[in-house]
Amino acid sequence: MPMRLIGGGLVGLTLVAASTLAAAETLPTRKAGLWESKTVSAEGSTTARQCIDDKTDKLAQGALGAGQCAKRVFTKTSAGYTGETECKMGAISASGTSVITGDFASKIHLDVDTTLTGIPGMKEPVRRKMAIDATYLGPCEAGQSPGDIILPDGKIVKMPPGAGR
């Protein structure tokens, strides 16, 4: 059962793995505006754009540990952040590590390594590695609302009303 991830940089991704010290850090929020994220993995690549503001970016970061997480830790390093997560989403368990670099104002790079277990129909754990490059493009375009994700085919996925807005 192939698992495809929607691009969108820090958007939920997919970044379940992006998140061991007692003094855990929080990630800075990205500059408000339109961001383009290019995600590359063994399953292929995808590019998506997202209009964000402070509220929707914090919501996206919360999605990094979507589900019930026994561990979701970011540690500041000299080059950026490292992350460790252990989360459960229904029957599926996800554990992972990440390395995050960039200035959060114009660019972010993430290397994510996640192991998923309990996927229906899969006997063995599934390991997913991906690289995500997110680039600030400028202000959101006319008609876009914070949280909107613009998929490669141009379709717009709207954030549910009241979710972070």
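Select Ser41 to begin: this residue lies in strand E1, which covers residues 33-41. Show side chains, and you will find the one of Ser41 in a polar contact with the side chain of Glu43, at 3.0 Å. Now look for partners further along the chain. Leaving out residues up to four places away in sequence, Ser41 touches Lys129 and Met130. Keep in mind throughout that you are looking at a predicted model.

**Color by confidence**

Next, color the whole chain by pLDDT. The mean is 80, and 76% of the residues reach 70 or more. Then select residues 1-24, where the pLDDT is below 50. This stretch still has 90 contacts in the model beyond near neighbours in sequence, but please read them with that pLDDT in mind.

**Switch to cartoon**

In cartoon view, the chain shows one helix and nine strands. Followed from the N terminus, the elements run β-β-α-β-β-β-β-β-β-β. The nine strands make an open sheet with antiparallel pairing, in the order E3-E4-E5-E6-E7-E1-E2-E8-E9. Where does the sheet end? The edge strands are E3 (68-76) and E9 (156-157), each pairing on one side only. As a reminder, strands of a sheet pair through backbone hydrogen bonds, either parallel or antiparallel.

**Walk across the sheet from E3**

Start at the edge strand E3 and step over to E4, residues 80-89. The two run antiparallel and are joined by eight bridges. Select Lys76 and you will see Tyr81 of E4 standing opposite.

Step on to E5, residues 92-102, which pairs with E4 in the antiparallel sense over ten bridges. Here Met89 stands opposite Ile92 in E5. Zoom in on the hairpin of these two strands: two residues sit between them, and Gly90 takes a positive phi near 65 degrees.

One more step brings you to E6, joined to E5 by ten bridges and also running antiparallel. Select Ala94 and find Leu116 of E6 opposite. The hairpin of E5 and E6 has four residues between the strands. Which residue in this turn has a positive phi? It is Phe104, at about 65 degrees.

**Look into the core**

Stay with Phe104 for a moment, since this residue also belongs to the largest nonpolar core, a set of 13 residues. Phe104 is among those with the most contacts inside the core, together with Leu27, Trp35, Tyr81, Ile100, Ile108 and Leu110. Select these as sticks; you have already met Tyr81 opposite Lys76. Strands E6 (107-117) and E7 (126-138) each supply at least two residues of this core.

**Visit the helix**

Now move to helix H1, residues 54-63, and select Thr56 within the helix. Is Thr56 buried or exposed? Thr56 counts as buried because its relative accessible area is 0%, and the cut-off for buried is under 20%. A polar atom of the Thr56 side chain lies 2.9 Å from the backbone nitrogen of Asp53. For a last distance, pick the C-alpha atoms of Thr56 and Asp148: they are 9.3 Å apart in space, while the two residues are 92 apart in sequence.

**Finish with the surface**

Finally, turn on the surface of the chain. The accessible area comes to about 8,400 Å², and 57% of this belongs to carbon and sulfur atoms. Of the 165 residues in the chain, buried ones make up 39%.

Definitions and conventions
Residues are numbered from 1 along each chain as its sequence is written. Side-chain values use heavy atoms; hydrogens and water are left out. A nonpolar core is a set of buried Ala, Val, Leu, Ile, Met, Phe, Trp, Tyr and Cys residues joined through side-chain atoms within 4.5 Å. Buried means under 20% relative accessible area, exposed over 50%, partly exposed in between (1.4 Å probe, protein chains only). A polar contact is a pair of N or O atoms within 3.5 Å; within protein, one must be able to donate a hydrogen and the other to accept it, and residues adjacent in sequence count only if both atoms are side-chain atoms. Contact means heavy atoms within 4.5 Å. pLDDT is the predictor's confidence in each residue, from 0 to 100. Accessible areas come from the Shrake-Rupley method with a 1.4 Å probe; for residues, only the protein chains shown count as cover. Two strands pair if DSSP finds at least two bridges between them.
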